[in-house]
Amino acid sequence: MSGPSLFDSVELPGSGASLANRLVMAPMPTFAAHSDGSAGSAEVAYYVRRAPGLGAVITAGCSVSLEGVCFDGQWRCDSDSLIPSLQSVAAAIEAHSFSVLQLCHGGAFTDRLDLAGVIDEFEQGARRAKEAGFSAVEIHGGHR
């Protein structure tokens, strides 16, 4: 068998970012956020346990708005007041791996939803992710 190994480093095209290996953890909800949308200690511990040895970790979906929360225990990035919470998760991952914050909005996109407003919420979520120390963002697009 020839070609790169899963354990070989890889440079991401266009960004110049490098991953230690090609192992990437897929995003999975932990249902561990506090009621205010901040990451709970169980959420941070989840990433502390999993990040070592991985090239990248994609977090569970982080809602860009209160109206976009999909389930109880989902964390959010819809306020600057949540940046310290985001920092705790980013630091837990970045100690070992490349961190990717998955941004999501679980609202139904209908005429009643202000699409321009939702786009702005994603932009603000991405800004907060950067300020918190995440290496990248991913936009959740698996539903609706």
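Two strands pair if DSSP finds at least two bridges between them. Keep that in mind for the strand stops on this tour of a predicted model.

**Stop 1: β6 and β7**

Select strand β6, residues 98–104. Add strand β7, residues 136–139. The two pair in the parallel sense over four bridges. To find one, click Val100 of β6; its bridge partner in β7 is Ala136.

**Stop 2: other partners of β6**

Now show strand β4, residues 56–58. Three bridges join β4 to β6, and the two run parallel. Look for Val57, which stands opposite Ser99 in β6.

Next, show strand β5, residues 62–63. Two bridges join β5 to β6, again in parallel. Here Ser63 stands opposite Cys104 of β6.

**Stop 3: side chains of β6**

Turn on the side chains of β6. Phe98, Val100, Gln102 and Cys104 point one way. Ser99, Leu101 and Leu103 point the other way. Are they buried or exposed? All are buried. That makes seven of seven residues, and the strand is mostly covered.

**Stop 4: helices α1 and α2**

Select helix α1, residues 41–50, and helix α2, residues 83–94. Their axes come within 8 Å and cross at roughly 15°. Angles under 35 degrees count as roughly parallel, so α1 and α2 are roughly parallel to each other. The crossing of α1 past α2 is right-handed.

Which residues make the contact? On α1, pick Val44, Tyr47 and Val48. On α2, pick Ser88, Val89, Ala92 and Ile93. Color this contact by class: six residues are nonpolar, one is polar and none is charged.

How values were computed: Residues numbered from 1 in each chain as written. Predicted model: local features only at pLDDT ≥ 70, side-chain atom pairs only at ≥ 80, totals over all residues. Heavy atoms only, no water. Axes fitted to C-alpha atoms, helices over the stretch in contact; angles between N-to-C directions. Parallel < 35°, antiparallel > 145°, perpendicular 65-115°, else oblique. Left-handed = near helix turned anticlockwise from the far one by under 90°. Contact = heavy atoms within 4.5 Å. Nonpolar A, V, L, I, M, F, W, Y, C, P; charged D, E, K, R; others polar. Buried < 20%, exposed > 50% of the residue type's maximum accessible area, 1.4 Å probe, protein only.
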